[in-house]
Amino acid sequence: MNDLDIARSSFALPSAIAVPDQAGGQLSQRTHPEPAHPYRSPFVRDIGRILHAKAFRRLAGKTQVFTRRGPESDHSRSRLTHTLEVAQIARIAASTLGLNAPLAEALALVHDIGHPPFGHAGEEALDQALRSHGLGFDHNLHALRIVTSFEERYAAFRGLNLTLAVREGIVKHSRDYSAADHPELSEYFLDQLPPLEAQLIDLADEIAYLTADLEDGLAAGILSLAHVQENVPLFAGFYTAAQRDFPSAAEHLLANEALKQMLNALVTDLMQQVSLQTRKLGIQTLQNLRNAPRRIATLSPEMEEKRRRAKSYLYSNLYLSPALEAEHAHAEEVVKSLFAAWIRDPKLLPPDHQARISEEGLPRTVADYIAGMTDAYIEQAWLKHNEL
């Protein structure tokens, strides 16, 4: 047994906890039955369907933190590159734990597909616009509508016809929904916890953006290296170690070393906690996991405090920084002005969206149209609107 096998054996969970990767299983079922593929498992097929979806490709043109107008370089993350980083973390964690790695990868690839343009500023503006009509915007539920209805790739059905496990994970990976509030989600086991493959995604997402946004913030000059060291203990400890190990290295390379070690420490702690909580709660099967008293994909209390402190630092010094205020204000103006314009005159909407109004209602239809746009597309629409 080599070192890699020894390391994995120390994390591995009982095999019955993993979602079975077989065509006949309950969680492998699709809304529209399809014959099994001769050499691709159901979740490997889902990965392909997500990767080939138009909504997935549009993530390349959607903001993660910095818009194309902002003080970033061409190397800052888009929503797409962030998604790929989450997928890498989720795949490795699931594989090491002995879970269904293709399912975890599929869920990571699809987890942000419902986000609108301009990142969280655009999402907040769209949600506020909908609330004036008694509605709201939830990117998880919007993602479900994308994969079940909006994508059109197959002659036999609308949507991507993804497995039940992936659709459940889209809905539940980051939060729980009550059956009373969301009867339309009844098929997704709302009275039970999601499988571990889905539970992993929320923290894989957090880990990816904590380390990546620190890197992008430093590269953009909004964050200073000295200030990060003073206020993010997890980073500071690894930076000091890198200085000791590489005394002649440039600062940006030392920062890269620290961020790499920070990511590794967070992922390792996550896997250790999953193994620990599984043993502590006596979980042996997937059904045991679903009926557990709480989610078990967590960090240790000590690491959680370090994660919380890093996230708080990013909110105060990057996401809500004066350097990005103008970008956030612009996002709000563009989203809200276009929403109002299309509410006033629905004939300005494309014909396919006009056709949805009778079924979805005008406010939701307008929100769906906006949510599907890239940053560049909505900017063009805004400029065109201003010329009218």
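Student: In which helix does Leu234 lie?

Tutor: Leu234 belongs to helix 11, residues 233-245; a helix here is a DSSP run of H or I at least four residues long, numbered from the N terminus, while strands are E runs of at least two. Before we go on, this is a predicted model, in which local features need pLDDT of at least 70 and side-chain atom pairs count only at pLDDT 80 or more, while totals for chains, interfaces and linings use all residues. Residues are numbered from 1 along each chain as its sequence is written, and side-chain values use heavy atoms, with hydrogens and water left out.

Student: Why is Leu234 called buried?

Tutor: Buried means under 20% relative accessible area, with exposed over 50% and partly exposed in between (1.4 Å probe, protein chains only). Leu234 has 6%, so it is buried.

Student: What does Leu234 touch, not counting residues up to four places away in sequence?

Tutor: With contact meaning heavy atoms within 4.5 Å, Leu234 touches Met262, Leu266, Met303 and Lys306.

Student: What makes helix 5 largely enclosed by the rest of the structure?

Tutor: Nine of the ten residues of helix 5 (residues 101-110) are buried, and therefore the helix is largely enclosed. Glu105 is one of those buried residues, alongside others including Ala101 and Val110. Their packing partners are helix 2 (42-51), helix 3 (54-58), helix 4 (79-97), helix 7 (139-150), helix 8 (164-172) and helix 9 (196-220).

Student: Why has Arg364 no salt bridge?

Tutor: A salt bridge needs a side-chain nitrogen of Lys or Arg within 4 Å of a carboxyl oxygen of Asp or Glu. For charge, Lys and Arg count as positive and Asp and Glu as negative, with His and the chain ends not counted. The nearest side chain of opposite charge to Arg364 is Asp368, at 5.2 Å, so the 4 Å limit is not met. Arg364 is nonetheless buried, and its place is in helix 18 (residues 362-371). Leaving aside neighbours within four places in sequence, Arg364 is in contact with Leu130, Leu135, Gly136, Phe137 and Arg145.

Student: How many helices and strands are there in the chain?

Tutor: The chain has 19 helices and zero strands.

Student: How do you know that the chain is as compact as a globular protein of that length?

Tutor: The globule rule is 2.2 Å times the number of residues to the power 0.38, and the radius of gyration is taken over C-alpha atoms. For 388 residues the rule gives 21 Å, and the chain has 22 Å, which is close, so the chain is as compact as a globular protein of that length.
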